Amino acid sequence: MKRRQWDTTLYKLAEPQAGYFTAAQALEAGVLQVRLAQLHQRGDIERVTRGVYRFARYPISPLGQYMEAALWPQVRRPDAHGVISHESALAIYGLSDTSPAKVHLTLPTGLRIRRAAPKHLVLHYADLNPSDEQRVEGVPVTTPARAIRDAHASHLGPALIRQAIADGRRTGHLTLNEADTLERE
């Protein structure tokens, strides 16, 4: 790789992901692990967690912890796709007063990761439809309606669910039909 070409290559990876990228993504783009170690030592990139990096000069996103969580399954499996869900998705949208202590991440049911999940993650397994997912500042997140359904299924209190529906209706995150359907459910 030519001198400073790594910069362009890694920025193309990191820009739509709030400045974050995985070692597997970098390797796929032609940046070797040795080069990542050198960039880390020089302070160009920060190692956020095992296999997940962030450009040091990239503006820190308030959703950075969520991007880090969404990239975690891709460290060894670049095809793995994690989506922020449940109470964490409600927190991203600002629906209800939920303040989850851990980041909730939904993975496909067929995906099994053998390494232990970090303590700050709660893993859920479900096969999401493309219509159940959207991006918020580059972070893959379940839609507000799906997040409310998931949070309700995981026994979040009924008062917080009602508040999430009301907040979703008020802020426009939910259509009137979606809000009415969720209230009936």
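Student: Which residues of H4 are buried?

Tutor: Buried means under 20% relative accessible area, exposed over 50% and partly exposed in between (1.4 Å probe, protein chains only). In H4, that applies to Gly64, Tyr66, Met67, Glu68, Ala69, Ala70 and Leu71. Seven of the eight residues of H4 are buried, so the helix is largely enclosed by the rest of the structure. Bear in mind that this is a predicted model, where local features need pLDDT of at least 70, side-chain atom pairs count only at pLDDT 80 or more, and totals for chains, interfaces and linings use all residues. Residues are numbered from 1 along each chain as its sequence is written, and side-chain values use heavy atoms, with hydrogens and water left out.

Student: How should I read the sheet, and in what order do the three strands stand?

Tutor: Strands of a sheet pair through backbone hydrogen bonds, either parallel or antiparallel. Helices (H or I, at least four residues) and strands (E, at least two) are DSSP runs, numbered from the N terminus, and two strands pair if DSSP finds at least two bridges between them. Here the open sheet runs E1-E3-E2, with antiparallel pairing. Strand E1 (20-22) and strand E2 (45-49) stand at the edges with a single partner strand each, so one side of each lacks a neighbour in the sheet.

Student: How many bridges join E2 and E3?

Tutor: E2 and strand E3 (residues 52-55) pair over four bridges. For instance, threonine 49 has valine 52 in E3 as its bridge partner.

Student: Is leucine 32 buried or exposed?

Tutor: Leucine 32 is exposed, with a relative accessible area of 54%. Leucine 32 lies in the loop between helix H2 (23-28) and helix H3 (33-42).
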